[in-house]
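Subject: Structure handover

Dear colleague,

I am passing on to you the structure that we spoke about, and I would be glad if you could look through it with the notes below at hand.

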Amino acid sequence: MSFRKEEKIILSYSEIDYLKKDLLKKGFKYLYPKRIIESIYFETIHNRCFNESEEGLLPRRKFRIRNYPEKNKNEHYNFEIKISSLEGRYKISKPIDKIINLKYLNSGIKDENYGYLEKKIKISYSREYLAFQDIRVTIDKNIEYFSMNSSRSFKEPMCVLEFKTDINHDDHLRSLVVSSSTNRFSKFCRGLKCINNISI
């Protein structure tokens, strides 16, 4: 298990394009080709995952199935649990096949602490990956939220830049690379608010 720190900056399209050019000038390199990501998140009847995330409670968990549709010709997926704890953040991930994926989508999942969870929201976006020394940066654009239980959807007007570093990373280096202040931002929470018309 490796703990990590995650810091997010919410920017407009013009701002993030300018910042990406600046990162490349400072030595950042592309780590992987750009790709499309789709995640389906599960939630309890009483919205426990959403409430814990909004309140910043620790520890907390989010449950999702992640897919890379442009590359996943064999229709294999990953079931992931994102965990935020006092020590830091980490992710448990395991590959699942098409049959198990459909079973989860049709019947939900069960967790020993959270109980029964059902599919709630699908989030789709394009992601770019950059890296410099031990700093990893992802840039998410074209973010869209889709309700799994209705026809509601919402296109996100903003982009998300995220720094991912080891838990013992020196924040001074990150501040030299980008001076912008970070924000608390969860696509999962933001998406649920948007498709349910909750004021943000």
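What follows is a short account of what was found, going from the whole chain to single residues.

Please keep in mind throughout that this is a predicted model. The protein contains 5 helices and 10 strands, and of its 200 residues 44% count as buried. Among the contacts with a separation of 6 or more, 67% are between residues 24 or more positions apart. The exposed surface comes to about 11,100 Å², of which carbon and sulfur atoms supply 49%.

On the strands, the pairing of E2 is a good place to begin. Strand E2, which covers residues 29-43, pairs with strand E7, residues 115-132, in the antiparallel sense and over 12 bridges; within that pairing, Ser39 has Ile123 in E7 as its bridge partner. E2 is also joined to strand E3, residues 60-67, by 5 bridges, and these two strands likewise run antiparallel, with Phe63 in E3 being the bridge partner of Phe42.

Both Phe42 and Phe63 return in the account of the interior, since they are listed among the residues with the most contacts inside the largest nonpolar core. That core has 33 residues, and the others in the list are Ile65, Phe79, Ile121, Tyr145 and Phe188. In soluble globular proteins, nonpolar side chains tend to be buried together. Ile121 may be worth selecting in your viewer: leaving aside neighbours within four places in sequence, Ile121 is in contact with ten residues' worth of surroundings that include Ser39, Ile40 and Tyr41, as well as Tyr145, Phe146 and Met148, and also Phe188, Gly191, Leu192 and Ile195. A second core, separate from this one, has 13 residues, including Ile9, Leu23, Ile135 and Val137.Three polar residues that count as buried deserve a separate paragraph each.

Is Lys187 buried or exposed? Its relative accessibility is 9%, so Lys187 counts as buried, and its place is in helix H5, residues 187-195. The side chain of Lys187 makes a polar contact of 2.7 Å with the side chain of Asp140. Asp140 is also among the residues that Lys187 touches, together with Ile123, Tyr125, Arg127, Ile143 and Tyr145, when residues up to four places away in sequence are not counted. Glu156 is 31 residues from Lys187 in sequence, while the C-alpha to C-alpha separation of the two is 9.5 Å.

Glu128 lies in strand E7 and is buried, because its relative accessible area is 10% and the limit for that class is under 20%. The side chains of Glu128 and Lys20 are joined by a polar contact of 3.2 Å. Apart from neighbours within four places in sequence, the contacts of Glu128 are Lys20, Tyr30, Lys34, Val137, Thr138, Ile139 and Lys141, and one of these, Val137, is also a member of the second nonpolar core.

Ser147 is found in strand E8, residues 135-147, and at 15% relative accessibility counts as buried. A polar atom of the Ser147 side chain lies 3.2 Å from the backbone nitrogen of Asn149. Beyond residues up to four places away in sequence, Ser147 touches Lys120, Arg152 and Ile195, and Ile195 is in contact with Ile121 as well.

With best regards

Methods:
Residues are numbered from 1 along each chain as its sequence is written. This is a predicted model: local features need pLDDT of at least 70, side-chain atom pairs count only at pLDDT 80 or more; totals for chains, interfaces and linings use all residues. Side-chain values use heavy atoms; hydrogens and water are left out. Helices (H or I, at least four residues) and strands (E, at least two) are DSSP runs, numbered from the N terminus. Buried means under 20% relative accessible area, exposed over 50%, partly exposed in between (1.4 Å probe, protein chains only). Contact means heavy atoms within 4.5 Å. A polar contact is a pair of N or O atoms within 3.5 Å; within protein, one must be able to donate a hydrogen and the other to accept it, and residues adjacent in sequence count only if both atoms are side-chain atoms. Two strands pair if DSSP finds at least two bridges between them. A nonpolar core is a set of buried Ala, Val, Leu, Ile, Met, Phe, Trp, Tyr and Cys residues joined through side-chain atoms within 4.5 Å. Accessible areas come from the Shrake-Rupley method with a 1.4 Å probe; for residues, only the protein chains shown count as cover.
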